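Me: I'm new to reading protein models and would like a close look at just one part of this one. Could you pick a single helix and walk me through how it sits among its surroundings?

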Amino acid sequence: MIKIRLLILTILLALCITTTVEAMGRCPKCLRQYSNSASFCIKDGNRLKAPSTMKFIHNKRIQHRSTLRPGVKIGDVRTNPRDNAMMVWVPKGKFWMGSTDAQIAKVLNEAPTLVREWYDNEQPLHTVYLSGYWIYKYEVTVAQYRKFCTKTGRLMPIAPDWRWIDSHPIVNVSWQDASAYAKWAEASLPTEAQWEKAARGTDGRIFPWGNQFDTSKCNESSKELLRTQPVGSYPDGASPYGCMDMAGNAWEYCSDWYSADYYAKSPFRNPTGPKKGIEHSLRGGSWWDNMVNNERCSRRARILPASSDYHSGFRCVRVR
C-alpha cells in the first residue's frame, strides 16, 4: 500500500500541478504579516500592503498581473505599481469628439495661410460613449523609460540636443517603442477617443483649460525654450480630469491606426480606430509647434509606426 501511495505522489509531482496560493498582507513599516482579511496593522495602524496572488509552476513563482479597482469620481488617483506612474480616473459617459465648423473657422481666421481641407479629419463633431478608465496624469518620463530599458534589456534612444533629463517626457521613441513600454507597464496606449476625452472633458472645450489659447498654460514654441520641460510644469493648463501637458511639451501616441474619415463611421461606444492602416495617430502638439491650432484637443496628426523624433512621446491608460 505504501508503495502505491508513493507512486501516486510521484506521478502528481511529475505532472507539475499548478497551485495558487494567497500571500499574506504585510505592514509596510514593521513588516508584520496578517491574514488576507486584515486591513490595518494593530501595532502601527498602517494600512497593509494588498496581498498578491501567486502561482507556482514548475517550481517557479509567477506574479499575476496587478489589478486596479475602478475609480468612483473625478479626482480619484491611483499609482501603477509597474512604473509608479500616477493615474487619474476618467468616469464612464459621453463626450463631444471632433470640431465644429465655427471652431475650424476660428483657426483659419487666426492663420489665413492654413488650408481648410487639413482639418476635415476632425469632423463631423460627434458624441462618443466611453467606459471608465485610468490615464497617466503625466507623460512618461525619461526616468520611467530608463527603468523599462533596464528591466527589459532595451537600449535608450539617442538623446536629444538638451540631453536626457529624468523629469522630462521621453522623446525620440517610436510608436513601436511606446507600445512595448505600455505592454511592460501592464497598460496600453490610449485610443484617440480616450485621449481626447481626458484632454477636454465633456463640454467640448477647445483647449484643456478652456476655449481661449494661453501661452502661460503650456510649453509651445513662442516661449523659445527650444526643448521639452519637466512634466507638470504648467499646472494651470491641467485638463478637467487633472491631466498635465495635454497641450504642448510632446506630441503623444495613440493606439489607433489613423484614418482621415474615421469619424464618419466610428462606433458610438468605445471606438478603437480602423482595423488596419499605415500610420498611427498623434495628439496634443509639442514644444516645437509654432501654430496654436496644434495645441487644440481635437487636433489630429499621424506618424509611421517605426518613426521617431525629438518632439513625440506618450502616456498610457489602464482599464483595470
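Reply: A helix here is a DSSP run of H or I that is at least four residues long, and helices are numbered from the N terminus. With that in hand, let's look at helix 3, which spans residues 142-152. Please keep in mind that this is a predicted model.

A quick word on the setting comes before the close-up. The chain has five helices and 15 strands. Of its 320 residues, 47% count as buried. Among contacts with a separation of 6 or more, 70% are between residues 24 or more positions apart.

Now to the helix itself. Which of its residues are buried? They are Val142, Gln144, Tyr145, Phe148 and Cys149. Looking down the axis of helix 3, you would find these buried residues within an arc of 165°, so they line one face of the helix. Turn to the other side of helix 3, and there you meet Thr150 and Lys151, which are exposed. As for what lies over the buried residues, strand 7 and helix 4 are among the elements that cover them.

Helix 4 deserves a longer look. The axes of helix 3 and helix 4 come within 11 Å and cross at roughly 75°. The two helices are therefore roughly perpendicular to each other. On the helix 3 side, the contact is made by Gln144, Tyr145, Lys147, Phe148, Lys151 and Thr152. On the helix 4 side, it is made by Asp177, Ala180, Tyr181 and Trp184. Sorted by kind, the residues of this contact are five nonpolar, two polar and three charged.

Three residues of helix 3 make good stopping points. Let's begin with tyrosine 145, which is among the buried residues of the helix. Setting aside neighbours within four places in sequence, tyrosine 145 is in contact with Val140, Arg154, Met156, Pro157, Ile170, Val173, Asp177, Tyr181 and Phe314.

Next comes glutamine 144, also in helix 3. Is it buried or exposed? Its relative accessibility is 15%, and because buried means under 20%, glutamine 144 counts as buried. Leaving out residues up to four places away in sequence, glutamine 144 touches Asp83, Asn84, Ala85, Glu139 and Tyr181.

One of those partners, asparagine 84, is worth a short detour. Asparagine 84 sits in the loop between strand 6 (77-80) and strand 7. It has a positive phi of about 60° although it is not a glycine. With 55% relative accessibility, asparagine 84 counts as exposed, whereas glutamine 144 counts as buried.

The third stop is arginine 146, which also lies in helix 3. Arginine 146 counts as partly exposed because its relative accessibility is 31%. Beyond its neighbours within four places in sequence, it is in contact with Met156, Trp164 and Asp166. Arginine 146 and proline 157 are eleven residues apart in sequence, and their C-alpha atoms are 9.6 Å apart in space.

What comes right after the helix? Helix 3 is followed by glycine 153, whose phi is positive, near 80°. You can find a similar detail elsewhere in the chain: just after helix 5, glycine 201 takes a positive phi of about 75°.

Finally, let's step back and see what helix 3 belongs to. The largest nonpolar core has 28 residues. Those with the most contacts inside this core are Tyr136, Tyr145, Tyr181, Tyr253, Phe314 and Cys316. You have already met Tyr145 and Tyr181 on the two sides of the helix contact. The elements that give two or more residues to the core are strand 7 (85-90), strand 10 (133-136), helix 3 (142-152), helix 4 (175-184), strand 11 (251-257) and strand 13 (301-303). Helix 4 supplies the largest share, five residues. There is also a second, separate core of 20 residues, which includes Val88, Ile135, Cys243 and Cys254.

To put the picture together: helix 3 has its buried residues along one face, it crosses helix 4 at roughly 75°, and helix 3 and helix 4 are both among the elements that give two or more residues to the largest nonpolar core.

Conventions:
Residues numbered from 1 in each chain as written. Predicted model: local features only at pLDDT ≥ 70, side-chain atom pairs only at ≥ 80, totals over all residues. Heavy atoms only, no water. Core = buried A, V, L, I, M, F, W, Y, C linked by side-chain atoms within 4.5 Å. Buried < 20%, exposed > 50% of the residue type's maximum accessible area, 1.4 Å probe, protein only. Contact = heavy atoms within 4.5 Å. Axes fitted to C-alpha atoms, helices over the stretch in contact; angles between N-to-C directions. Parallel < 35°, antiparallel > 145°, perpendicular 65-115°, else oblique. Nonpolar A, V, L, I, M, F, W, Y, C, P; charged D, E, K, R; others polar. Arc of directions from axis to C-beta.
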